[in-house]
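Good morning, and thank you for joining this group meeting. Please look at the sequence and the structure as they appear, and I shall then take you through several of the contacts.

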Amino acid sequence: MKNKKIVLLVLFGCILSGFLFAKGNSENAKTLTMYGFRGPTGVGMIRLFDAPPQIPGYSVKMEALAQHDQMAARLISGEAKVGVLPPDVAAKLASTGKDIRVAAIIGMGMLDLLSSDPAVRSLDDLKDRTVQVPAQGAVPDYVFRRILEARGLKPDHDVKLDFSLAYPEIAQSLIAGRISVGLMPEPFATMARLGRSDLHSVANVQEEWIRIAGGENFPLTAVVVDGAFADANPQAVAAILDAVKDSIEWVQAHPAEAGALVEKHDLGLRAAVVTAAVPNSGYVFIPAAQGRSSLEALYRAFLEYNPVSIGGALPADGFYLK
């Protein structure tokens, strides 16, 4: 009986020590917030919102922001160490002297040019027409300008570009018949198609870009990291990127489950739309070193149309996380 009591005391001591050790580690862990966006960008990372990655030494939480400028402000202040940005915004931020680095491309292409007009069946048919284009001065604008010019169509002269509507409004306006041609990314293109069955693609935007840009699609979204944080925490950054990659691969393999999680975490999209859009969406994981050529092809378009938008030159080698 005495021996049993000794064994029980030893076991209790081990359990208590383990609990206190775990509690101490938890209390000593630094909080690391990973920032994403509400809307399409959040879809690829949605599994992390449901189960943040386990990073030794850190207690990780996810937060979804609504606007790019909110993300940029957090990166500038140092509050954010890991986030996502459009490639041009990341380059502009780096050009100001902020040590921000692109770690991986996580969104590629996925633009669709839709029309309800049976007379508009190709890019050539856009002459003397108006196209709703989102986000003037952003990636869709300059990609589309390049494509039109390659077809011999002069933007703002042969084809009028209207920037008055945001992504969801373009989809809703196509459905309602208020506009006849609109350019938008997934999942808003799928949203429009689900709402109006006679919408058709005027051109494959991605194929057109690949044809004129040298064989690579254009990036839309990238994971970025604070340079000092990356240098001091290479293993943590590697673990974060592995978790992002795993989430994207999971979303591609489980679109219905991904749609449910997007709605659960209130990222601004309905589950059914996400589920239908995932197969058409360009969620990828391309490390910065491998994606540099596609980023620079896009940056050359920005340098052509508005050099100051990315700092007046191609980003230096240090912009790409090694």
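Let me begin with a definition: a residue is called buried under 20% relative accessible area, exposed over 50%, and partly exposed in between. Lys245 has a relative accessibility of 31%, so Lys245 counts as partly exposed. Please bear in mind that this is a predicted model.

Lys245 has a charged partner. Glu249 forms a salt bridge with Lys245, and their closest N and O atoms are 2.7 Å apart. Both residues belong to helix 11, which covers residues 234–253, and they are four residues apart, about one turn of the helix. Glu249 is partly exposed as well, because its relative accessible area is 39%.

How many salt bridges does a search of the whole structure find? The search finds 20. Another of them joins the side chains of Asp231 and Arg101, at 2.9 Å from N to O. Asp231 lies in helix 10 (residues 227–232) and Arg101 in strand 4 (residues 100–108), so this pair ties together parts that are 130 residues apart in sequence. Asp231 counts as exposed because its relative accessibility is 53%. Arg101, by contrast, is buried, with a relative accessible area of 13%.

I turn now to helix 9, residues 205–213. Which of its residues are buried? They are Val205, Gln206, Glu208 and Trp209. Seen down the axis of helix 9, the buried residues fall within an arc of 160 degrees, so they line one face of the helix. The face turned away from that buried side carries the exposed residues Glu207 and Arg211. On the buried side, the residues pack against strand 5, helix 6, strand 8, strand 9 and helix 14.

The two ends of helix 9 also deserve a word. Asn204 caps the N-terminal end, where one of its side-chain oxygens lies 3.2 Å from the backbone nitrogen of Gln206. Just after the helix comes Gly214, which takes a positive phi of about 95 degrees. Two residues of helix 9 appear again in a network of salt bridges, in which Asp124, Arg151, Glu208 and Arg211 are linked.

Let us move to the aromatic rings. The whole structure contains seven aromatic pairs, according to the search. One of them is formed by Tyr142 and Phe302, which meet edge-to-face, 4.8 Å centre to centre and with 85 degrees between the planes. This pair links distant parts of the chain, since Tyr142 is in helix 6 (residues 139–150) and Phe302 is in helix 14 (residues 288–305), 160 residues apart. Are these two residues buried or exposed? Both Tyr142 and Phe302 are buried. A further edge-to-face pair consists of Trp209 and Phe218, with 5.9 Å centre to centre and 80 degrees between the planes. Trp209 counts as buried because its relative accessibility is 0%, and Phe218 is buried with a relative accessible area of 0%. Tyr142 and Phe302 also form one aromatic cluster with Tyr305.

My last residue is Ser309, in the segment after helix 14. At 15% relative accessibility, Ser309 counts as buried. Its side chain reaches the backbone oxygen of Asn306 at 2.5 Å. What is Ser309 in contact with, leaving aside its neighbours within four places in sequence? The contacts are Asp88, Lys92 and Phe302. Phe302 thus brings us back to the aromatic cluster with Tyr142 and Tyr305.

Terms used:
Residues are numbered from 1 along each chain as its sequence is written. This is a predicted model: local features need pLDDT of at least 70, side-chain atom pairs count only at pLDDT 80 or more; totals for chains, interfaces and linings use all residues. Side-chain values use heavy atoms; hydrogens and water are left out. Rings of Phe, Tyr and Trp (its six-membered ring) pair if their centres lie within 6.5 Å; planes under 30 degrees apart count as stacked, over 60 as edge-to-face and the rest as tilted. Helices (H or I, at least four residues) and strands (E, at least two) are DSSP runs, numbered from the N terminus. Buried means under 20% relative accessible area, exposed over 50%, partly exposed in between (1.4 Å probe, protein chains only). A polar contact is a pair of N or O atoms within 3.5 Å; within protein, one must be able to donate a hydrogen and the other to accept it, and residues adjacent in sequence count only if both atoms are side-chain atoms. Contact means heavy atoms within 4.5 Å. The arc is that of the directions from the helix axis to the C-beta atoms. A salt bridge is a side-chain nitrogen of Lys or Arg within 4 Å of a carboxyl oxygen of Asp or Glu.
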